[in-house]
Amino acid sequence: MAISVRDIQEKEFGTQATGGYNIEQVDDFLDEISEQMAALVRENLELNRQIKTLEAEVQAARVATEAAEAKTPDYNEKSYFQNLQNAMRESLIGAQRIADETLEDANRKAQKTVGDAQAQADQITLSAREKADALLGKAQKDADELTADAKSRVETLEARYEALKASAAAYKAEFSRVLDQQATALRESNGLF
């Protein structure tokens, strides 16, 4: 069962007539756990907000890519392919920047969480140590999932960019070949008249 901040704040320990816990130390420890758990909850909310922002940006990039793929291009325009390449490059750079920032932030927060949990683990009982390790494991798993998701999104965008670039190059080569054939046919037909 997950422990909430409120559970930690309201937890009471029984004492024994001899050799029991120091109530003041237990209360101080619970206050520290409560503060750090609240910080983890805030961090988790911020990471979720960043995920939603990334998802919205990736969706916008997908929509823009689909719109670019669906548009019938004017191949007489000299800068069409250059504009397409620049737009894709800017999308990839933006996605990479966001992924890098998210990765750095997640790693920084994960490292801070690890350090805080380790410092507390030296001062608490075996039961408290197990609970802290569980919280630390979840935070690391979340950071790893965010990192893997961001990398996957960047790789997907890069693959789509390369596919569009290859398609544009193939179309351009085919179009040039057709023009060359037509020019040859016109030159040969001039000899007929």
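Which residues lie nearest the centre of the second largest pocket? The tour returns to that question after a view of the whole chain; the model on display is a predicted one.

**The whole chain**

Begin with the protein chain coloured by secondary structure. Four helices and zero strands are present, and from the N terminus the order of elements reads α-α-α-α. Of the 193 residues in the chain, 24% are buried. Switching to a surface representation shows an accessible area of about 13,800 Å², with 54% of that area belonging to carbon and sulfur atoms. Among contacts with a separation of 6 or more, 80% join residues 24 or more positions apart.

**The second largest pocket**

Next, select Leu 40, Asn 44, Lys 138, Ala 139 and Asp 142. These are the residues nearest the centre of the second largest pocket, and they belong to a lining of 15 residues. The space within this pocket amounts to about 310 Å³. To see where the lining comes from, colour α2 (23-70), α3 (80-121) and α4 separately: each of these helices supplies at least two lining residues. Helix α2 provides the largest share, with six residues. Sorted by class, the lining contains nine nonpolar, two polar and four charged residues.

**The N-terminal loop: Phe 13**

Move now to Phe 13, which is found in the loop between α1 (5-10) and α2. Is this residue buried or exposed? Its relative accessible area is 39%, so Phe 13 counts as partly exposed. Add Val 26 and Leu 30 to the selection; Phe 13 touches both, when residues up to four places away in sequence are not counted. A distance drawn between the C-alpha atoms of Phe 13 and Val 26 reads 7.9 Å, for a sequence separation of 13 residues.

**Along helix α4: Asp 144 and Glu 158**

Helix α4 spans residues 126-190 and offers several stops. Select Asp 144, which is placed in this helix. With a relative accessible area of 42%, Asp 144 is partly exposed. Add Ala 106 to the view: the C-alpha atoms of Asp 144 and Ala 106 are 8.4 Å apart, while 38 residues separate the two in sequence.

Continue to Glu 158, also a residue of helix α4. Which residues does Glu 158 contact once its neighbours within four places in sequence are left aside? They are Leu 92 and Gln 96. From Glu 158 to Leu 92 the C-alpha distance is 6.6 Å, although the two residues stand 66 positions apart along the chain. Glu 158 has a relative accessibility of 38% and therefore counts as partly exposed.

**The aromatic pair**

How many aromatic pairs does a search of the whole structure find? The search finds one. Select Tyr 171 and Phe 175 to display this pair, whose ring centres are 6.2 Å apart and whose planes differ by 15°. The pair is classed as stacked because an angle under 30 degrees between the planes meets that criterion. Both residues lie in helix α4, four residues apart, about one turn of the helix.

Finally, show the surface around the two rings. Tyr 171 is partly exposed, at 36% relative accessibility, and Phe 175 is likewise partly exposed, at 33%. These values fall between the limits of 20% for buried and 50% for exposed residues, which is why neither residue is assigned to those classes.

Key:
Residues numbered from 1 in each chain as written. Predicted model: local features only at pLDDT ≥ 70, side-chain atom pairs only at ≥ 80, totals over all residues. Heavy atoms only, no water. Phe/Tyr/Trp six-rings, centres within 6.5 Å; stacked < 30°, edge-to-face > 60°. Buried < 20%, exposed > 50% of the residue type's maximum accessible area, 1.4 Å probe, protein only. Contact = heavy atoms within 4.5 Å. Areas by Shrake-Rupley, 256 points an atom, 1.4 Å probe, with all protein chains shown as cover. 1 Å grid on protein atoms, 1.4 Å probe; cavity = no way out; pocket = protein on both sides within 12 Å on 5 of 7 lines; lining within 4 Å. Points joined across faces, edges and corners; volume = space filled by probe spheres on them. Nonpolar A, V, L, I, M, F, W, Y, C, P; charged D, E, K, R; others polar.
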